[in-house]
Amino acid sequence: MTPDVWAITGVALVTVLTVAAGSLGMRRARTTGDFYVASRAVTPRWNAAAVSGEYLSAASFLGIAGLVLTYGFDMLWYPVGYTAGYLVLLALVAAPLRRSGAYTLPDFAHLRLGSGPVRRTSSLLVVLIGWLYLVPQLQGASLTLSAQVGAPRWAGGLLVCVVVLIAVASGGMRSITFAQAVQYWVKLTALLIPAVVLGTAWHARHDRLPGPAHTGWVQPLGSGVEHPLYATLSLILAICLGTMGLPHVLVRFYTNPDGRDTRRTALIVIGLLSVFYQLPTLFGVFGHRYLPDLAGSRLADATVLLLPERMLPGLPGQLLGALVTAGAFAAFLSTASGLTVSVAGVLSQDVWGGLRRRDERIRRFRSAAVVSIAVPYVLSLAGARVSLAAMVGLAFALAACTFCPLLVLGIWWRGLTDVGALAGLVLGGLLAGTAVLVTLLRSPHGGWTGTLLAQPAAWIVPLTFAVMIVGSLITRSRVPADVGRVLIRLHAPESMSADLPSLGRSAR
Amino acid sequence: MTERVRITHPRTTAARSVPPRPPTREIDELTVLGELYLESLLRSQRRIAFGVCAATIGLLVTVAVAVSAWDVVGRITVFGIQLPWVLVGCAIYPALGAIGYVAVRLAERNERAFAALMHQR
């Protein structure tokens, strides 16, 4: 058999698995609650695997290895940040957000502040962040299929779109919970087995790592990026604080039955991610030794895919390559479907909302799903100037600059007002959005301007916090009258909910 | 034998016109009381939440500063791997997990204490 056939078989298996899990859920998805949040009955272990499955995207599966190959030591901070983000999420938002009983971030904004404009701004931001995050997933899929199978450059992304739409439209979130949980283990296996085999092969060769490296690659702040200290710190900040603002991650925590379980889920997620993130680094280090020609090129993102065949020519390498390709597809499918559900949920509720009948709402949700993934697919065809992981990093930065201050202040500070929140969201969104656009569209800037725009979180996040706080203090009279009741609901354990007043302004 | 006395309320209509106890009153009372407790719960949970964030930042910054002393730290090797790679690539993850474990424990203990306080009432 040719390598193409093995890789195609792998991709086909993952695809069939995803669609099958989707149709399994279809028989059980009956209500809108099923579609959006799996009727809130998922246990921490299942949900943690599902969160991890959804979270480990093209950036984690392919991007990190490529970055480590090219830039070396400093890129180890990417996976550390991806993991630490869940620690921040666990501490600051997980349980209160679950207890708020809202489905989405705009729901939370509405519940806390009772303001239409804040809600609509949040909806717009959810859609933008979702699309910014979807584009690299689809580009990664196209890259994978063209690198492994020689398919045309539009094919991989289109395949992901079609499979995601079948799975999402037929089963909604419930099917995705099972599919996502399985996908985590698929992704882990798809990297673990090749890593063990390649590690053994490397050991047998008595090779030295990292091989003929220039000293900068091994050392901290030696990556050759301008202003490496600022860039590294800003990146860690963006990822740590941006995780809590990712719509597809948050909606998944709503599927836990209560706030205590969401904290436990987040803790298990930290464990699962810690295990997984050992592997991309290993591939990056091996890649630096055996695929040095990829450094800095567009194909650096394909390190994980190309490494097995380079190290082990012949059938074993081909089989491992097929396994990795299948795992990569699992990554694209799971992240893309999670994002599509979140974006479609917001689109169907807030943009085309107002429908009373259940079957109409579900039909609306399905058509919203088509729009949610078609737009980023078209954008992904435009080609990319930055690597997969860097692009995902920009989505994190946008989330950190807008939703992080809204959530942290909304949950922990009584004084937040609608005017302050709106001012912060608009300013943070505009500044971060501009930085993202400039980084994506213009040729790389030199000097501080380019660095500040490519890593905007470190200066925009404090600014957004400041604007929200000052704006709220100025408009102190607009603090919602029911802020005490809302905060009790957010912070009191569910065991006491019988004693507590129900909120007048329910999420939905 | 004592005289039989009829006890009646003289102003029947006025008595009836007193509005019945509003059903929301329980809730309002509970909210006022709850707000007193809320303030203490919020304060203690906030201390844990931001303490955990500070610990996380402290850990990351400490490791970042430690590995930047490359000339010293880079010479140490663990199983043939330079110490900075071991620290940032592996050792930092269990530390993050440990902080998370403590965070969950503390937050749940706080909530149990709050629930007990409310039920004592």
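Start with two helices of chain A, H14 (residues 278-290) and H15 (residues 303-311): in this predicted model, their axes come within 10 Å and cross at roughly 55 degrees. Two packed helices are described by the angle between their axes and by the distance between those axes, so this pair already has its basic description. An angle of that sort falls outside the parallel, antiparallel and perpendicular ranges, and H14(A) and H15(A) are therefore oblique to each other. The crossing of the two is left-handed. If you want to find the spot on screen, look on the H14(A) side for A:Phe283, A:Gly284, A:Phe286, A:Gly287 and A:Tyr290, and on the H15(A) side for A:Thr303, A:Val304, A:Leu307, A:Arg310 and A:Met311. Sorted by class, the residues of this contact are 6 nonpolar, 3 polar and 1 charged.

Now step back to chain A as a whole. Its secondary structure comes to 22 helices and 0 strands. Of the 508 residues in chain A, 62% are buried. Take the contacts in chain A between residues at least 6 apart in sequence: 83% of them join residues at least 24 apart.

A second helix pair in chain A is worth a visit: H19 (418-441) and H21 (457-474). Here the axes come within 7 Å and cross at roughly 160 degrees. That angle is over 145 degrees, which makes H19(A) roughly antiparallel to H21(A). The crossing is right-handed this time. H19(A) brings A:Val419, A:Gly420, A:Ala421, A:Ala423, A:Gly424, A:Leu427, A:Gly428, A:Leu431 and A:Ala432 to the meeting, and H21(A) answers with A:Ile460, A:Thr464, A:Val467, A:Met468, A:Ile469, A:Gly471 and A:Ser472. By class, that contact has 10 nonpolar and 6 polar residues, with no charged ones.

From there, move to A:Thr417, which sits in the loop between helix H18 (388-412) and helix H19 (418-441) of chain A. Is this residue buried or exposed? A:Thr417 has 23 C-beta neighbours inside 10 Å, so it counts as buried. Leaving aside residues up to four places away in sequence, A:Thr417 touches A:Ser472, A:Thr475, A:Arg478 and A:Val479. You can also check A:Gly471, which is 54 residues from A:Thr417 in sequence, with 7.8 Å between their C-alpha atoms.

One of those partners, A:Val479, is in a loop too, the one between helix H21 (457-474) and H22 of chain A. Along the chain, A:Val479 and A:Thr417 are 62 residues apart, while their C-alpha atoms are separated by 5.0 Å. A:Val479 has 15 C-beta neighbours inside 10 Å and therefore counts as partly exposed. Again leaving aside residues up to four places away in sequence, A:Val479 touches A:Arg414, A:Gly415 and A:Thr417.

Follow the chain on from that loop and you reach helix H22 (residues 483-491) of chain A, which is mostly covered, with 7 of its 9 residues buried. The buried ones are A:Arg485, A:Val486, A:Leu487, A:Ile488, A:Arg489, A:Leu490 and A:His491.

Next, look at where the two chains meet. The contact takes 39 residues from chain A and 40 residues from chain B. On the chain B side, the elements that give two or more residues are helix H2 (24-68) and helix H4 (83-120) of chain B. H4(B) gives the most, with 20 residues. This side of chain B has 26 nonpolar, 10 polar and 4 charged residues.

Finally, a word on how far to trust each part. The model as a whole scores ipTM 0.83 and pTM 0.84. Chain A has a mean pLDDT of 80, and 85% of its residues reach 70 or more. Confidence in chain A is lowest in helix H2 (residues 32-37) of chain A, at a mean of 51, and highest in H21(A), at 91. Over residues 502-508 of chain A the pLDDT stays under 50, and the model has 13 contacts beyond four places in sequence for that stretch.

Chain B averages a pLDDT of 74, and 64% of the residues score at least 70. Within chain B, confidence is lowest in helix H1 (residues 12-17) of chain B, at a mean of 44, and highest in H4(B), at 85. Residues 10-28 of chain B have pLDDT below 50, and that stretch has 2 contacts in the model beyond near neighbours in sequence.

Terms used: Residues numbered from 1 in each chain as written. Chains lettered and ligands numbered in written order. Predicted model: local features only at pLDDT ≥ 70, side-chain atom pairs only at ≥ 80, totals over all residues. Buried ≥ 20, exposed ≤ 12 C-beta atoms within 10 Å, placed from the backbone. Helix = DSSP H or I, 4+ residues; strand = E, 2+ residues; numbered from the N terminus. Contact = placed C-beta atoms within 7 Å. Nonpolar A, V, L, I, M, F, W, Y, C, P; charged D, E, K, R; others polar. Axes fitted to C-alpha atoms, helices over the stretch in contact; angles between N-to-C directions. Parallel < 35°, antiparallel > 145°, perpendicular 65-115°, else oblique. Left-handed = near helix turned anticlockwise from the far one by under 90°. pLDDT = per-residue confidence, 0-100.
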